[in-house]
Amino acid sequence: MDLLQLRYFCEIAKQESVSKAASILHVSQPSLSKSLSTLERDLGIKLFDRIGKSIVLNHHGKLVYEEMSQALNLITNLQLKLQDTDIAYGDIKLLILAATKIMPNLLLDFYMKYPNINIHVKQAATFNLQQACDYDFVISATPGKYNHLDNVLLLDEDIVLAVNKDHHLANRKSISLSETADESFITYSVGPSIRTLTDNLCLQAGFAPNILLECETPSNYRNFIQSGLAVCLLPYQTQYSLFSSDLIPIHLNDPVCKRKLFLSYPKGKYLNTAMVIFQKFCLEYFKKLN
């Protein structure tokens, strides 16, 4: 068993695919398959189960992955400590799962202040937590299972009902969510946290939302709501720019409609100078939104 084998194994585990891992690692698929077979032979156990064309970690594989991920993280932390300086420069890998309307301006302001710190950004609708160690930071939101990450609270924000200015509820400052049981909703497709939040809140209010349209594009949200075809549950502070004289936010008083935004990173990860600077910048930036 060597370090390269363990890195290969962990990438296969994260991707749940030898071919995808081979593409990411820039090695041939036969070489990767041979490395995995050698590791399984050395350990005397199978690490994956096959389900159709896919592979998933079995009980032994999950145990090995958990332990080996920690070992590789220790090595990565050591490298970061050895390379760390007090100078504000370096590279940061960031995954954005929430606050997509806020993050472009935040990143622009950050770059203007710290031009020698490079941010490599990926935005995704869904997220496999096994891939968390591929990123230095994740912008995440409740509800979500982030047990394997350290989570720093950025914002505790209201969820509001967005309606057309001529909607029969538009003149109300606050309502109970149950009053929208007969409305048509526009929302995200199943997966992102705001969709899960929408389903959960409506369930608490005693109904399942009638989903007229599932969509990931904010401009479509505005168009459908302004047309009067649908209403929408939206996070108020981070989606504030969507609201206008034609698109009205209504606060919800029953049930309590809120979500938490986090800056998350792998548990135990060493934060170098550039990462600490970015963390502090995010905390200050989101504090202004409260």
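A residue is taken as buried under 20% relative accessible area, as exposed over 50%, and as partly exposed in between. Because its relative accessibility is 49%, Leu-108 falls into the partly exposed class. The structure described here is a predicted model. Leu-108 belongs to helix H5, which covers residues 103-113. Together with Tyr-111 and Met-112, Leu-108 makes up a nonpolar surface patch of about 360 Å².

The overall features of the chain were examined next. The protein chain contains eight helices and 12 strands. Its C-alpha atoms occupy a box of roughly 70 × 50 × 30 Å along the principal axes. The chain has 290 residues, of which 44% count as buried. An accessible surface of about 15100 Å² was computed for the protein chain, and carbon and sulfur atoms account for 52% of that surface. Of the contacts between residues at least 6 apart in sequence, 78% bring together residues at least 24 apart.

Helix H3 was considered in relation to its surroundings. This helix runs over residues 29-43 and comprises 15 residues. From the first C-alpha of H3 to the last, the distance is 21 Å, close to the 21 Å expected at 1.5 Å a residue. The buried residues of H3 are Leu-32, Ser-35, Leu-36, Thr-38, Leu-39 and Glu-40. These buried positions pack against two helices, H1 (3-15) and H2 (18-25), and against strand S1 (48-51). Just after H3, Gly-44 adopts a positive phi of about 80°.

A further strand in this part of the sequence, S2, spans residues 54-57 and includes Ile-55. Ile-55 counts as buried because its relative accessibility is 6%, below the 20% limit for that class. With residues up to four places away in sequence left aside, Ile-55 touches Ile-12, Glu-16, Ser-17, Val-18, Phe-48, Asp-49 and Arg-50. Leu-43 lies 12 residues from Ile-55 along the chain, and the C-alpha atoms of the two are separated by 18 Å.

Charged side chains were then analysed. The count of salt bridges comes to 12. Among them is the pair formed by Lys-260 and Asp-156, whose closest N and O atoms are 3.3 Å apart. Lys-260 is located in strand S12 (residues 258-266) and Asp-156 in strand S6 (residues 149-164), so this salt bridge ties together parts of the chain that are 104 residues apart in sequence. Lys-260 is partly exposed, at 34% relative accessibility, and Asp-156 is likewise assigned to the partly exposed class, with a relative accessible area of 32%.

Strands S6 and S12 also contribute the salt bridge between Glu-157 and Arg-259, in which the closest N and O atoms are 2.8 Å apart. The two residues of this pair are 102 residues apart, Glu-157 being in S6 and Arg-259 in S12. Glu-157 has a relative accessibility of 0% and therefore counts as buried. Arg-259 is buried as well, with a relative accessible area of 5%.

Another salt bridge joins Lys-258 to Asp-158, with 2.6 Å between the closest N and O atoms. This pair, too, links distant parts of the chain, as Lys-258 lies in strand S12 and Asp-158 in strand S6, 100 residues apart. Lys-258 is partly exposed at 36% relative accessibility. Asp-158 has a relative accessible area of 22% and is also partly exposed, a value that lies above the 20% limit for buried residues. Elsewhere, Arg-195, Asp-199 and Glu-214 are joined into one network by salt bridges that share partners.

Cysteine residues were examined last. A search of the whole structure finds zero disulfides. Cys-202 takes part in no disulfide, and the nearest cysteine sulfur, which belongs to Cys-257, is 8.4 Å away. A sulfur pair would have to lie within 2.5 Å to be assigned as a disulfide. Cys-202 counts as buried, because its relative accessibility is 0%. Cys-282 is also buried, with a relative accessible area of 0%.

Technical notes. Residues are numbered from 1 along each chain as its sequence is written. Side-chain values use heavy atoms; hydrogens and water are left out. Patches are made of residues with over 30% relative accessible area and no salt bridge: like charges are joined within 9 Å, nonpolar side chains (Val, Leu, Ile, Met, Phe, Trp, Tyr) within 5 Å. Accessible areas come from the Shrake-Rupley method with a 1.4 Å probe; for residues, only the protein chains shown count as cover. A salt bridge is a side-chain nitrogen of Lys or Arg within 4 Å of a carboxyl oxygen of Asp or Glu. Helices (H or I, at least four residues) and strands (E, at least two) are DSSP runs, numbered from the N terminus. Buried means under 20% relative accessible area, exposed over 50%, partly exposed in between (1.4 Å probe, protein chains only). The expected span of a helix is 1.5 Å times one less than its number of residues. Contact means heavy atoms within 4.5 Å.
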